[in-house]
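Me: I'd like to learn how to read a model like this one, feature by feature. Could you walk me through it?

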Amino acid sequence: MLDVFRKKAKIIIYLTAFVFIVGMAIMGIGGLFDQGRSNNVGRINGKSISYQEYVQLFQNTLQNHVRENPDEELDDQMFARLNDQTWQQLVQRVLFDQEIRKRRIRVRDSDVIDRLKNDPPHFIREAEMFQTDGAFDHQKYLNVLLTGQTVDGQPIDLDWLEHHVRDQLPYDLLLEDVRSEVTVSVKDARENFINNNDKADTKIIFFDPQKVSQVDISDEEMEQYYNENIDNYKKPPTSRFDYVRFEVKTTEQEKQFARDKIQELRDRIRQGESFAELAREYSQDQSNAPQGGDLGYFGKGAMVPEFEKVAFDLNIGEVSSPVETQFGWHIIKLTDRREVSDNEIEIAASHILIDSEPFNETIDAIREEVEQFHQLVKRVGIDEAASEQEYNVRKSGSFEEGASFIQGLGRFDDMVEFAFNNQVGAVPEIKESMAGDFYVLQLAERRPEHYQDFSEVRARIRTALRNQKRIEIAKTKAQEFFETYDPSNYLSAATEEGWEILEAEDITVEKSIPQIGLVEDLNKSILASEEGSFTDLIIGERGAYLAYVENRYYPDMEDFESNQEFHVSQLKNSKQSLHLNEWFQKLMDNANIVDNRHEFF
């Protein structure tokens, strides 16, 4: 009954053991996990991360993603994103483990018991079997925990929950230890309470520079600005590739072959042959073919829609007609159906998959074509070779050293390294994307540290100068406005002149105002003014402001004194969260991390 909660627990803890979940959805990249490489993927503060360890974690990430997003195809970008996510989680875990040892944090049996009894994980609190009238029933949970039986007397094994809590507790204690480094006094809380409750509602005349229409900028002004701010246009070394992409597509013949093959297998099953034996021999989903195609139990949302619809409509023992999904052609056999809750059904099924991937002969032919073109590029260059073969040469975006992404190509970390260690004209080895496409590249450009040409930044300079002039004109007009009109006529005169009047409520000393942002002098002036009065003219970096204070609200200090403990706790929680973020960022900044993933993926 608690299988679903076990799965949730496994997502929370960093998995180190393979758990089969929706293997069919990731079989397209399964070959990655059979390379048997033993080199290190990286090092984190001196700790080596083996290829096997990382692949196991990465595989878990992929499986969790596929389970939660059955309709989403794993393309190159998502694969790279999940790769980064796995690495970041691993880095965090290693750094946390080192901090746990450094701070000598120990978990005692009594700590585990206390956490189990008094603070169970959130997924336990959400479990229907531990709820009464839709709310977590702590006593009901304790009865199950202590007796090892459900409310209807059925035995239940909760050892896995103890292991989960024991594994998670050191990290919880670490974060609690970091949070405890922050203390808040009553004085701190009182000052914070005053700042948050000293408020005003206002109407603000915004002398917006964008309301200034006609601004002329001369070439001389732009060139002078460029020369005076030349360091703003300094760029680090960059590189760029020219490339030809060879897309590998499945032909109609190959699609029909897969369709015919799956139909042949279904016919053999109808004639009495064993589904499981045929799955072992022919299914191309190697994550379950050895088990006769057994997918185990799964609920709705676990499989891609085309597969799910057919599977849930079958009767037990029935074999489906061929079903096409993004992974190829399937036949499905329903083996069981069970009710796991009032509104949830799970089924057990097996399947045979024949994918619609290009034949080896097709790929080999394309690869041979690519290799011939690659050799030609080495001899005569990519432009001449492409012209001769009538291929389209594309240009990548310029990229800096250490870049993780090349515009037009995607994530090819090793190509970034190649670009900054070779001369223009160099031709790297043929690259193959996760989608199976081939790339032939030639290093087309290497620029040392340089200043952008005036022509490259001319438009940006024109915009910057226009904004500067508009701001100065707006400030001058605001000063003239302030000196010309009586305060009683400010709002009507502003409307006549076309200046925008912004209404802002609950202004505090630190509140950002829509369209304006946080202008500290403006906020302070508003809070220093009486209700029914105007502030002085406030000149800011991005314009000028004149505010009318409609309402003033003052802190209720009696409320603070009577709820002092609450206000101290509230501020403490806020400051502890901020401190925790800063601590983690410092931990990351000081870590010595070597990332060699590009050598493997």
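**Reading the fold, step by step**

Me: Let's begin with burial. What share of the 601 residues of the protein chain counts as buried?

Reply: Keep in mind from the outset that this is a predicted model. A residue goes in the buried bin when its relative accessible area is under 20%. Here 41% of the 601 residues of the protein chain end up there. As for the outside, the accessible surface adds up to about 33,200 Å², and carbon and sulfur atoms own 43% of that.

Me: And the overall build? How many helices and strands does the protein chain have?

Reply: The protein chain holds 20 helices and 20 strands. To judge how spread out they are, set the radius of gyration against what the globule rule gives for the chain length. It is 33 Å here, well over the 25 Å given by the rule for 601 residues, so the protein chain is more spread out than a compact globule. Taken along the principal axes, the C-alpha atoms fill a box of roughly 100 × 80 × 50 Å.

Me: What do the contacts say about sequence range?

Reply: Start from contacts between residues at least 6 apart in sequence, then ask how many span at least 24. In the protein chain that share is 69%.

Me: How far apart are the mean positions of the positive and negative charges?

Reply: There are 69 positive and 113 negative charges in the protein chain, and their mean positions lie 3 Å apart.

Me: Now the inside. Which residues have the most contacts within the largest nonpolar core?

Reply: A core of this kind is built from buried nonpolar residues linked through their side chains. The largest one has 28 residues, and I44, Y54, W87, L90, L174 and W583 have the most contacts inside it. Two or more residues each come from β1 (40–44), α2 (51–68), α3 (76–102), α7 (159–179) and α20 (564–590). Helix α3 supplies the largest share, 10 residues.

Me: Can we zoom in on one of those? What does I44 touch?

Reply: Not counting residues up to four places away in sequence, I44 touches I49, W87, L90, V91, V94, L95, Q98, N592 and I593. W87 and L90 also appear in the list of residues with the most contacts inside the core.

Me: Loops next. Is V427 buried or exposed?

Reply: Being in a loop doesn't settle burial, so check the area. V427 sits in the loop between α15 (413–419) and β14 (431–432), and with a relative accessible area of 16% it is buried. Neighbours within four places aside, V427 contacts H374, V377, K378, F418, L441 and Q442. There's also Y243, 184 residues away in sequence but 9.9 Å away in space, C-alpha to C-alpha.

Me: What about backbone angles? Which way does phi usually go?

Reply: Most residues other than glycine have a negative phi. That makes positive values worth a look. R104 has phi near 55°, and it is in the loop between α3 and α4 (109–118). At 69% relative accessible area, R104 is exposed. Q515 is another non-glycine with a positive phi, about 75°. This one belongs to the loop between β17 (500–507) and α18 (520–527) and is exposed, at 53%.

Me: Last topic: distance in sequence against distance in space. Where does I113 lie, for a start?

Reply: I113 lies in helix α4 and is partly exposed, with a relative accessible area of 47%. Its C-alpha is 9.1 Å from that of V165, with their positions 52 residues apart in sequence. For contrast, take T476 in α16 (residues 454–484), also partly exposed, at 44%. T476 and P70 are 406 residues apart in sequence and 60 Å apart in space, C-alpha to C-alpha.

Me: And S387, is it buried or exposed?

Reply: S387 is exposed, with a relative accessible area of 57%. It belongs to helix α14 (residues 382–389). From S387 to D137 is 250 residues in sequence and 74 Å in space, C-alpha to C-alpha.

Terms used
Residues are numbered from 1 along each chain as its sequence is written. This is a predicted model: local features need pLDDT of at least 70, side-chain atom pairs count only at pLDDT 80 or more; totals for chains, interfaces and linings use all residues. Side-chain values use heavy atoms; hydrogens and water are left out. Helices (H or I, at least four residues) and strands (E, at least two) are DSSP runs, numbered from the N terminus. The radius of gyration is taken over C-alpha atoms; the globule rule is 2.2 Å times the number of residues to the power 0.38. Buried means under 20% relative accessible area, exposed over 50%, partly exposed in between (1.4 Å probe, protein chains only). Contact means heavy atoms within 4.5 Å. Accessible areas come from the Shrake-Rupley method with a 1.4 Å probe; for residues, only the protein chains shown count as cover. Lys and Arg count as positive and Asp and Glu as negative; His and the chain ends are not counted. The place of a charge is taken as NZ of Lys, CZ of Arg, CG of Asp or CD of Glu. A nonpolar core is a set of buried Ala, Val, Leu, Ile, Met, Phe, Trp, Tyr and Cys residues joined through side-chain atoms within 4.5 Å.
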